[in-house]
Amino acid sequence: MSKATFRFPHVIRLKGDHYQMGSQHGRQVKALRRHIIAAIEARLDRITRDHPDAAFELLIKETRQTLQSIDPATLDFIRGQADTLDLEFDWLLRYNLVNFLRDALITSQHPSDARTGSEGCTTWAASGPATADGRPVLVKNRDYHLEHLPLQVVAQAEPAQGYGYLYVTSAGNPGVFVAGFNEAGLAIADTHVPCPDVGPGLPTFALSMHILEKHRTVASALAYLQSMPRLGRNNLLLADAGGHIAVFENGHRRNAVLNTDAGFLIATNHFNSPVLQDCFVDTEPLPLQGNSYYRYQKVKEALNTAYGRIDGALAKRLMASHGEPLSALCRHPWPESDTSTISSLILLPAQQRMFFCHGQPCQAIYRTFDCPPISATPDHH
């Protein structure tokens with residue numbers, strides 16, 4: 001990976017209803033169509049090697065029906081992408097659903113099967129007395145398949161209805177696929193938690209999109225999350241301009257909210273609440289098993305040490321750190337795993353600003369993005 005090749009991501013601008021935004025997404029990333037098709041084929045090939053059965057195909061069908069019933073906006077976005085990228089809608093939809101529903105297959109298999117990395121991430125948020133200026137910061141390292149590095153996109157969205165927002169995604173993926181924040185000062189990031197508690201519901205890329213379009217506070221976003229049918233298998237870390245931070249542990253049937261009096265929260269790739277703790281299945285290759293707990297502890301120790309002085313500079317140093325393989329936050333490829341850190345994000349929701357590193361944070365540079373005021377609407381569920 002060289003600095004020259006991967007210095008900056010693609011930046012796209014979206015405006016209008018969800019079909020229009022999907023169409024604009026597709027049009028602006030059309031030069032990446034070959035890479036998008038390669039990523040789709042790689043994902044669907046993984047699913048084939050996971051031996052999907054009739055129950056898995058029924059799960060895909062029921063999830064599609066759920067989206068048709070309660071979230072046609074997300075399907076409109078995918079349809080707009082498919083139309084302008086000259087891809088079959090059903091093919092693109094399947095790709096985006098199996099990204100998430102694969103957990104139903106890999107968490108039920110023997111431990112020696114299908115260990116290709118958990119597509120995990122490291123996230124944390126701090127606020128109030130923990131930060132240098134009292135204002136919130138939300139940070140994420142994105143650990144994902146290397147074929148998504150050239151597909152990585154920063155999008156500025158101006159929906160026909162709702163708040164304007166800035167987010168990170170991959171070309172060919174709909175909604176808020178990685179993390180983002182809106183002009184009202186609400187930020188959100190997700191981490192994958194491999195677990196069998198998945199089912200027909202909204203995937204996090206759809207939930208996060210609707211949260212950024214319609215909500216300005218963590219409290220409102222949490223009420224929305226608890227009210228909706230959810231696909232499951234993620235942590236969602238939220239922070240708002242008022243300094244409220246929370247983790248929503250997102251199962252299909254079960255959920256939990258983690259708050260804090262300590263000034264910071266961390267989410268890696270396992271659940272911490274008693275409600276969902278037993279639901280986590282470690283799908284990492286054997287040499288890397290347990291790394292979610294080690295990364296969590298490393299961040300916790302660093303934030304405790306820097307308490308009262310946590311800021312963007314600390315975030316950059318911490319997220320670029322290596323050390324022991326199991327606790328490394330900036331993760332590099334292993335022979336047993338095809339995932340690696342491909343970006344780092346520092347979100348400042350009160351300032352409506354993002355520092356974004358395209359590539360591994362130990363060797364790439366950060367670029368600054370601001371979310372200009374676009375519109376204003378009240379929270380609603």
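Student: Why is Cys 279 called buried in this predicted model?

Tutor: Cys 279 has a relative accessible area of 3%. Buried means under 20%, and 3% meets that condition, so Cys 279 is called buried.

Student: How do you know whether Cys 279 is in a disulfide?

Tutor: A disulfide requires a pair of cysteine sulfur atoms within 2.5 Å. The nearest cysteine sulfur to that of Cys 279 belongs to Cys 195 and is 3.9 Å away. The distance of 3.9 Å does not meet the cut-off, therefore Cys 279 is in no disulfide.

Student: What is concluded for Cys 330, and how many disulfides does the count give?

Tutor: Cys 330 is in no disulfide either, for the nearest cysteine sulfur, that of Cys 362, is 3.7 Å away. Cys 330 is buried, with a relative accessible area of 1%. The count of disulfides comes to zero.

Student: What makes Asp 76 buried, partly exposed or exposed?

Tutor: Asp 76 has a relative accessibility of 30%. Buried requires under 20% and exposed requires over 50%. The value of 30% lies in between, so Asp 76 counts as partly exposed. Asp 76 belongs to helix α4, residues 72–85.

Student: Which residues is Asp 76 in contact with, leaving aside its neighbours within four places in sequence?

Tutor: Asp 76 is in contact with His 18 and Tyr 19. Gln 20 is 56 residues from Asp 76 in sequence, and their C-alpha atoms are 8.4 Å apart in space.

Student: Why is strand β4 described as largely enclosed by the rest of the structure?

Tutor: Strand β4 covers residues 152–159, and six of its eight residues are buried, so the strand is largely enclosed.

Student: How do you know that β4 pairs with β1 and with β5, and in which sense?

Tutor: Two strands pair if there are at least two bridges between them. Strands β1 (residues 10–16) and β4 have seven bridges and run parallel; Ile 12 has Ala 155 as its bridge partner in β4. Strands β4 and β5 (residues 165–170) have six bridges and run antiparallel, with Ala 157 opposite Tyr 165. Both counts satisfy the condition, so both pairs of strands are paired.

Student: What makes β1 and β10 the edge strands of the open sheet?

Tutor: The sheet has eight strands in the order β1-β4-β5-β6-β7-β8-β9-β10, with mixed pairing. Strands β1 and β10 (255–258) each pair on one side only, and they are the edge strands. From one strand to the next, the twist averages 20°.

Student: How do you know that the length of helix α9 agrees with what is expected?

Tutor: The expected span is 1.5 Å times one less than the number of residues. Helix α9 (residues 291–305) has 15 residues and should therefore span 21 Å. Its end C-alpha atoms are 21 Å apart, which agrees.

Student: Why are the buried residues of α9 said to line one face of the helix?

Tutor: The buried residues of α9 are Asn 291, Ser 292, Arg 295, Lys 298, Val 299, Ala 302 and Leu 303. Viewed down the axis of α9, they fall within an arc of 130°, so they line one face. In general, an α-helix has 3.6 residues a turn, so residues three or four places apart point the same way. The buried residues of α9 pack against β2 (121–126), β3 (137–145), β11 (264–267) and α10 (312–319).

Key:
Residues numbered from 1 in each chain as written. Predicted model: local features only at pLDDT ≥ 70, side-chain atom pairs only at ≥ 80, totals over all residues. Heavy atoms only, no water. Buried < 20%, exposed > 50% of the residue type's maximum accessible area, 1.4 Å probe, protein only. Helix = DSSP H or I, 4+ residues; strand = E, 2+ residues; numbered from the N terminus. Arc of directions from axis to C-beta. Contact = heavy atoms within 4.5 Å. Axes fitted to C-alpha atoms, helices over the stretch in contact; angles between N-to-C directions.
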